[in-house]
Amino acid sequence: MRSVIDVPDLSLEELDQLMDTAEDIISHPDSYQDACRRKKLATLFFEPSTRTRLSFEAAMYELGGNVLSVTGANTSSAAKGESVADTAKTVSCYADIIAMRHPKEGAALVAANNATVPVINAGDGGHCHPTQTLADLLTIRREKGHFSGLTVGLCGDLKFGRTVHSLIHALCRYDNMHFVLISPEELKVPSYVKNDALKNKGIPYEQTTSLEEAIGSLDILYMTRVQRERFFNEEDYLRLRDSYILTPEKLRLARPDLCVMHPLPRVNEISVAVDKDPRACYFKQVLNGKYMRMALILMLLREAGTL
Amino acid sequence: MNVDSIRDGIVIDHIAAGCGMKLYRLLGLENLNVPVAMITNVASARRGRKDIIKIDADIPVSFDVIGYVDPAATVNIIRGGTLIEKKQIDMPEMLSNVIRCKNPRCITSTEQELDNIFRLTDRAKKEYRCIYCDTKAASL
């Protein structure tokens, strides 16, 4: 049974297909309104999430399907000590496809290994969040029209930020990419990500602590939030929380065609005043995420022979 | 120092000096009720110094574990006091339930019944990563 746990589970051709389907959904939404009629998506969210769960549920409703929802480990059998494997086997009896978020890294793989329906990883701790990356890719394609020769700046928490790691891995599969990694010393991209994705493939990158110095060279600026839940130590979180804040003043140093992205939710790392700037693309990114989740649900259900 | 030759068993030879005891523990030899000789720091033409483990019993041993600890080791199968087979060892692509993931955020830290599985991600660096969370295995 095909599941999607991480972005490399999808080939470049499949990514293109998903983006083509998403574009077609955007152009012809009515054609898809009954595509998943009488099919059920189970959203198993054992960690707090609003937008990802709602995005999956909106995606299934717009495909004409239904949703079974579990939110929070306290309200499910997980609170009674049920294993992820047993949960996956049980839910497979009720639903045609599962989207799961879990605080433990690797939980989605365990679910996929035991479910008899496709599993989509909706985030497993700080490990992977592939559908966020799908949203990011569609946003870049829609804003820039291509993936070749882009200079991509990633700013903020590059150590614990799973969306950043996934995006680097996804973008480095395209030609002539150039990365600028902007973070405080304590939150730099881990060396294994740099080695695997960049150094070993000879992909050029720079590391800097200054957003102001880097912003003028960028085609894409991907901002991230410093996430409290990724820190064991509250003091470290408070010290690093306000490291980088994007303001209209800093945006004046940027190119007119810069695309500002953020996986959301933001705390204060992008000033609200930036929202009015046409270069702010983060709410388009949210919408693109729903379309890519629709495309992914369709692809997996078709491959499973359910549609 | 004399160690009796064995009649039916296994000799794990050319183990890097200092790795013999690690291999002894990972193979679970301390739990066996058979004669086992652990010889360390022997002069070796090939490796300078080496460790040797002799097991005087016809028992199965995991070549994956040996390959993980030291792929340059060799395994000699002895029957009736005669060497009948010499096996070359390689690093296994997957390692199941030999080592545990040290990442406290990994699903294996809370679901103890899960198999601890690592895959070889860099042969030159002898690097293994947990299949669940991608955390690098701790050095031996």
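A residue counts as buried here if it has under 20% relative accessible area, as exposed if it has over 50%, and as partly exposed in between, using a 1.4 Å probe and protein chains only. Helices (H or I, at least four residues) and strands (E, at least two) are DSSP runs, numbered from the N terminus.

This is a predicted model, so local features need pLDDT of at least 70, side-chain atom pairs count only at pLDDT 80 or more, and totals for chains, interfaces and linings use all residues. Residues are numbered from 1 along each chain as its sequence is written, chains are lettered from A in the order in which they are written, and side-chain values use heavy atoms, with hydrogens and water left out.

**Chain A**

Let's start with helix α11 (residues 282-303) of chain A, where 16 of the 22 residues are buried. The expected span of a helix is 1.5 Å times one less than its number of residues. For α11(A) that comes to 32 Å, and the end C-alpha atoms are 31 Å apart, which agrees. Just after α11(A), G305(A) has a positive phi of about 80°.

Now for strand β5 (residues 151-155) of chain A: 5 of its 5 residues are buried, so the rest of the structure largely encloses it. In a regular strand, side chains alternate between the two faces of the sheet. Here T151(A), G153(A) and C155(A) point one way, while V152(A) and L154(A) point the other way.

Two strands pair if DSSP finds at least two bridges between them. Here are the partners of β5(A):

| Partner strand | Bridges | Direction | A facing pair |
|---|---|---|---|
| β6(A), residues 178-182 | 5 bridges | parallel | C155(A) and I182(A) |
| β8(A), residues 220-223 | 4 bridges | parallel | G153(A) and L221(A) |

Together, β5(A), helix α6 (residues 162-171) of chain A and β6(A) make a right-handed β-α-β unit. Right-handed means that, with the strands pointing away from the viewer, the path from the first strand over the helix to the second runs clockwise.

**Chain B and where it meets chain A**

In chain B, N116(B) sits in the loop between β6 and β7 (117-122). N116(B) is buried, with a relative accessible area of 2%. N97(B) is 19 residues away from N116(B) in sequence, yet their C-alpha atoms are 4.8 Å apart.

Contact means heavy atoms within 4.5 Å. The contact between the chains takes 15 residues from chain B and 18 residues from chain A. Within chain B, R105(B), I107(B) and Y132(B) lose the most area to chain A, together 46% of what that side buries. Buried area is the accessible area (1.4 Å probe) that two parts lose on being put together, summed over both. For these two chains it is about 1300 Å², 52% of it on carbon and sulfur atoms.
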